[in-house]
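Reader: I would like a close look at one helix, what covers it and how it sits against its main neighbour. Please give the cut-offs as you go.

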Amino acid sequence: MKLADNKATLSFSNGAPSVELPVYQGNIGPDVIDIRKLYGQSGMFTYDPGFLSTAACQSAITYIDGDKGELLYRGYPIEQLAKNCNFLETCYLLLYGELPNETQKADFENRVTQHTMVNEQMQFFLRGFRRDAHPMAVLTGLVGGMSAFYHDSTDINNPEHREIAAIRLIAKMPTLVSMAYKYGVGQPYMYPKNDLSYAGNFMRMMFGNPCEEYKVNPVVERALDRIFILHADHEQNASTSTVRLCGSSGTNPFAAISAGVACLWGPAHGGANEACLNMLEQIQANGGIAKVGEFMEQVKDKTSGVKLMGFGHRVYKNYDPRAKLMQETCNEILQELGLEKDPLFALAKQVEKIALEDDYFVSRKLYPNVDFYSGIVQRAIGIPVNLFTGIFALARTVGWIAQLNEQMADPEYKIGRPRQLFTGSVARDVKPIAQR
């Protein structure tokens with residue numbers, strides 16, 4: 001961090017002495033006021049529900065400018081990475097800070113490929129779940145359970161253990177997600193195939209069966225790889241902050257990532273694309289395109305309780321840069337699979353058209369976000385709606401690991417301990433039960 005020339009002064013109207021606070025500058029983005037000594041100097045905490053104005057760490061991994069609609073991984077625009085790199089190159093970038101050269105890329109891809117299988121006993125662990133369990137419930141258990149199988153990489157304070165755990169998690173997440181899917185539909189598990197790409201191997205484990213050879217569609221393969229890239233990291237969001245907070249206690253990497261999976265499950269976070277598809281299917285069931293206008297009017301009515309899913313973003317106040325890329329991918333996939341006339345896609349386009357033209361939505365900058373298109377793409381590929389968040393978790397794993405590694409290597413890191421503004425009862429005495 002770079003100390004700014006200016007300082008912030010906090011003054012109080014009750015006559016208490018003012019407090020001088022250091023200001024630090026990042027390479028880009030807002031400066032931060034250092035309040036670490038505020039309590040010691042003033043006896044006060046800051047109050048910031050949701051941590052919307054609080055920088056809880058310093059990071060060199062991902063930068064977002066919500067007003068400009070800009071997303072950078074290690075300084076590289078997401079648009080360039082999605083068009084010029086594959087997912088494992090992006091993983092290397094997030095983990096190590098630079099894009100790999102040819103030798104580094106080949107070595108990294110080989111390391112990941114050699115660790116895609118999981119311990120056979122994981123199958124017996126999986127059988128403890130009900131067949132109709134939500135895939136995210138299963139995935140949370142499987143990822144956390146990895147610490148019971150891989151004892152040689154559970155010391156989060158050991159850089160070598162974190163490195164081993166990182167490769168294992170990136171390599172095995174596609175296997176675990178596909179196992180959760182196969183278990184739920186009652187199909188045999190498919191072992192990884194080392195001569196396929198990361199995305200191609202996942203497709204085979206998801207949709208292949210032992211009775212015949214599975215052929216990877218290169219257009220679908222590239223679309224899935226792009227989905228992984230676009231979801232690989234997104235700065236200090238809820239699940240990433242959860243992973244950092246969990247890891248700050250010194251728990252093992254698998255437990256920390258499992259906590260991230262659990263947080264991602266929420267419909268306001270990783271479950272947003274699932275919620276978006278459910279919304280479209282509900283509109284379709286209630287009359288389809290003919291009823292879109294009526295639905296959008298209900299959205300405008302705050303008393304109706306109807307929400308427009310897949311539009312707007314907590315961070316982006318401009319067009320989500322990932323949405324533009326996913327829109328391109330959506331068109332490519334639907335054309336490749338002959339689904340241009342799919343009723344749900346036509347419905348989605350009508351919803352999008354109204355949202356981009358209606359002053360109500362335009363004035364509020366409710367542009368389509370990545371979830372709006374990624375759900376349509378995944379549905380077209382054949383991924384069931386309840387597995388959408390599992391795909392997200394697969395992609396985001398590398399971002400969580402990179403953020404966790406960065407935190408553990410930071411000499412300033414401490415166990416997380418948010419404060420509170422207490423509004424409960426003051427101290428009081430317990431009365432005998434007869435007097436209560």
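Author: What follows takes the helix α6, then its partner α7, then the core to which α7 contributes.

This is a predicted model, in which local features need pLDDT of at least 70 and side-chain atom pairs count only at pLDDT 80 or more, whereas totals for chains, interfaces and linings use all residues. Residues are numbered from 1 along each chain as its sequence is written, and side-chain values use heavy atoms, with hydrogens and water left out.

Helix α6 covers residues 135-145; helices here are DSSP runs of H or I with at least four residues, numbered from the N terminus. The helix is mostly covered, with eight of its eleven residues buried. Buried means under 20% relative accessible area, against over 50% for exposed and partly exposed in between, using a 1.4 Å probe and protein chains only. The buried residues of α6 are Pro135, Met136, Val138, Leu139, Thr140, Leu142, Val143 and Gly145. Their cover includes α5 (121-126), α7, α11 (253-264) and α18 (388-409).

Of these neighbours, α7 is described here in detail. The axes of α6 and α7 come within 10 Å and cross at roughly 140°. That angle makes α6 oblique to α7, because under 35 degrees counts as roughly parallel, over 145 as roughly antiparallel, 65 to 115 as roughly perpendicular and the rest as oblique. The axes are lines fitted to C-alpha atoms over the stretch in contact, and angles run from 0 to 180 degrees between N-to-C directions. The crossing is right-handed, that is, the near helix is turned clockwise from the far one by less than a right angle.

At the crossing, Pro135, Val138, Leu139, Leu142 and Val143 in α6 meet Leu169, Met173, Leu176, Val177 and Ala180 in α7; contact means heavy atoms within 4.5 Å. An α-helix has 3.6 residues a turn, so residues three or four places apart point the same way.

Leu176 leads on to the interior: the largest nonpolar core has 110 residues, and Ile170, Leu176 and Phe228 have the most contacts inside it. Helix α7 (residues 159-185) supplies the largest share of this core, 13 residues. A nonpolar core is a set of buried Ala, Val, Leu, Ile, Met, Phe, Trp, Tyr and Cys residues joined through side-chain atoms within 4.5 Å. Beyond its neighbours within four places in sequence, Phe228 touches Phe87, Tyr198, Ala199, Phe202, Ile391, Leu394 and Ala395. A second, separate core has seven residues, among them Ala8, Val19, Leu21 and Leu38.

Definitions and conventions:
Helix = DSSP H or I, 4+ residues; strand = E, 2+ residues; numbered from the N terminus.
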